[in-house]
Amino acid sequence: MIMSISNLSMRFGERTLFSNVNLSLENGRKAILLGPNGCGKTTFLKIVTGEIEPLEGDVSFFGKKIGYIRQFRLEKDRTLYEEGLSTFKEALDAYEEALKSANELNLKSYDEHLEKAEMLDVYAVEKKVRMMLKGVGFTEKEFDRKLSTLSAGEITRLQLAKLLINEPDLLVLDEPGNYLDVYGMIFLKNALLSIKSTVLMATHDRSLMESVADEIWDMDFGTVRIYKGKYHDFLVQKENYVKSVKAKEKNISKEIKHLHEVVEKYKKWGREKAIKQAKSKEKLIKKLSIEKKRYVLNSSKKFNRLNLSVKKATEDVVLSVNSLEVSAGDKYIGTFSFQIKNGEKVALLGKNGVGKTTLLKKINEKPPNVLFGPNTRLAYVDTVGAEREKRTLMSVIWEFMKDKPDYEVRRYLGRFGFEGEDVFKNVCDLSGGEFVRFEIAKALLKKPNFLIMDEPTNHLDVYMIEALESTLKRYDGTLLFSTHDIEFAKHTANRFFVMSGGKISYFQDHERAVEFMQGAFSRRNVGNFERENDYEKKKALKNKKKSLEKKIEESERGFDSLDEDLKRLESEMRRYASDHVKLNALNLEREKVEKKMEELLREIENLEKEMKRLEEEA
């Protein structure tokens, strides 16, 4: 066991986030913390890492090192590459000391520092740095960028890379996919599969939950429960749990109802014994009512599935893009030509910064070489750069529903998770997930038969993502959307555009699109640290064996030299056998030589044991 959580509770003001949490995490396990947005996942992780104190309870950590993003302090004047190298400071410092000792002809110090550097895999450092920086989306050209020029998202990606490469005893991650593109998610998945660290990670990415998770920690119903297995196992187990709890609550409610009826009958009879029985039953009702509370599941609110009834376009081709030149400022992105047919659902995939958002915005501007069908009604959902007005949700939506009473407007917003006083929030005050939901709500009021959506799953929790996914699967119109969520693309799209190097590659099959993206970014190249560095490890092992062989040879030569000294002393002792003063001095010298020979023998024995261990390891 690496961590134990006992009776953990947390409350802010009148709102209890979670209570009576009792969990443990075994060494090497990978746990996913799952729950709706706003349920307290980030607070829970901050308690685990010691950033904040819980209201009640304890967290016990039995490892040496917890890794989490907030712990890093970046030197702004460093370059990306220098910051990457700093992750391996201990190995590099030992290597520098070895070189310094070699220049000073201090062989003992040289051997000691070189051995330490090799144990820390110093020969693989540069390759690891390049691998980790590329893995989270940085190009070789960016390696010389100063940290002061990085955005918050880029800094987070850099910190994530440092965490993964360090392999702490416990790795704690809070929504790491928020700043990663589709390639970065491939890197993250493969890295998590290969590292030996225990992992506790909050995420809504189902691909990670299906491939990485050993268990799901579900934050719902006011506490946290563990479900063993992957995401699909969790869904089955949670459904069975909810059914069993509801069945118990139903049975208790039925019993309480029956007891109320019995009490009423006893009271009507009015006899003394009946009155006593009525009071006894009323006590039982109170007891059952308290027990019933244990089985009332107050789940966090979910995003409701929508019914989108639209009048489909009649034309076969709803969008034609002909030699569309796309640039972002002075940066040329590419020139594109393609068609989208009526009813197609197209996922636009690619690395961050490749130009997906710019392309979608250009299409939405409807320049002359972008042609929509005559019966095509377009709506554009911009979750990336849309303006955040200082107006209430109610007032914005009412503009689209002018003929509807206020309760209809509120009911419509409620379908997107905005209930009660939420409808009077200003758009500019919405959280990331709320803003995405609001933009979708606004766009769908236009009853479009062609939806363009830029990163529609940004900041949505898994329940909202699945509800949106279900809605779009049943949508009769045409859909073009960008995303970094592989599972969302897989379940929603029937055609896939992969954008890279100023070109678009087209696929009818999700698996072929993913294979294409993994071609230059395969697990062999970026994910499996052990396989990636196998050559370097063998090289380090070989160098260490060579160093041991050298030490054994030096020790044996030293022993032979001392043996010659011993023979010389014994010869002199025979010559001066009658000279007690001289003989005593020679005897003392002989004892010193013999002691040194014993020490060398022990050293040779230890070195040979170490050599045998390395040979077995190889």
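**Exercise 1. Classify the burial of E455 and describe its backbone and its surroundings in this predicted model.**

Solution. Begin with the accessible area: E455 has a relative accessible area of 9% and is therefore buried, where buried means under 20% relative accessible area, exposed over 50%, and partly exposed in between, with a 1.4 Å probe and protein chains only. Next, place the residue: E455 is found in the loop between β15 (450-454) and α15 (462-473), the helices (H or I, at least four residues) and strands (E, at least two) being DSSP runs numbered from the N terminus. Then inspect the backbone: E455 is not a glycine, yet its phi is positive, at about 50 degrees. Finally, E455 appears among the residues in contact with T483, which leads to the next exercise.

The numbering runs from 1 along each chain as its sequence is written. Because the model is predicted, local features need pLDDT of at least 70 and side-chain atom pairs count only at pLDDT 80 or more, while totals for chains, interfaces and linings use all residues, and side-chain values use heavy atoms, with hydrogens and water left out.

**Exercise 2. Locate T483 and work out what surrounds it.**

Solution. T483 lies in the loop between β16 (478-482) and α16 (486-492). With a relative accessible area of 0%, T483 counts as buried. Its side chain reaches the backbone nitrogen of D485 at 2.9 Å. When neighbours within four places in sequence are set aside, T483 is in contact (heavy atoms within 4.5 Å) with L348, L349, E455, T457, F488 and A489.

**Exercise 3. Test whether the end-to-end distance of helix α4 agrees with its number of residues, and then examine which of its residues are buried.**

Solution. The expected span is 1.5 Å times one less than the number of residues. For the 13 residues of α4 (residues 107-119) this rule gives 18 Å, and the end C-alpha atoms are 18 Å apart, so the two values agree. Turning to burial, S109, D111, L114, A117 and E118 are buried in α4. An α-helix has 3.6 residues a turn, so residues three or four places apart point the same way. M119, also found in helix α4, has a relative accessible area of 54% and is therefore exposed. After the helix comes D121, whose phi is positive, near 65 degrees. As a long-range check, the C-alpha atoms of M119 and K447, which are 328 residues apart along the chain, are separated by 64 Å.

**Exercise 4. Determine whether N20 is buried or exposed, and report its phi.**

Solution. N20 lies in strand β2 (residues 15-25), and its relative accessibility of 55% means that it counts as exposed. Its phi is near 50 degrees, a positive value in a residue other than glycine.

**Exercise 5. Count the disulfides and classify C39 and C428 by accessibility.**

Solution. A disulfide is taken as a pair of cysteine sulfur atoms within 2.5 Å, and the structure holds 0 of them. C39, at 8% relative accessibility, counts as buried, whereas C428, with a relative accessible area of 30%, is partly exposed.

**Exercise 6. Compare the radius of gyration of the protein with that of a compact globule.**

Solution. The radius is taken over C-alpha atoms, and the globule rule is 2.2 Å times the number of residues to the power 0.38. For 618 residues a compact globule would have a radius near 25 Å, but the protein has 34 Å. Along the principal axes, the C-alpha atoms fill a box of roughly 125 × 90 × 40 Å.

Notes. Polar contact = N/O pair within 3.5 Å; in protein donor to acceptor, adjacent residues only side chain to side chain.
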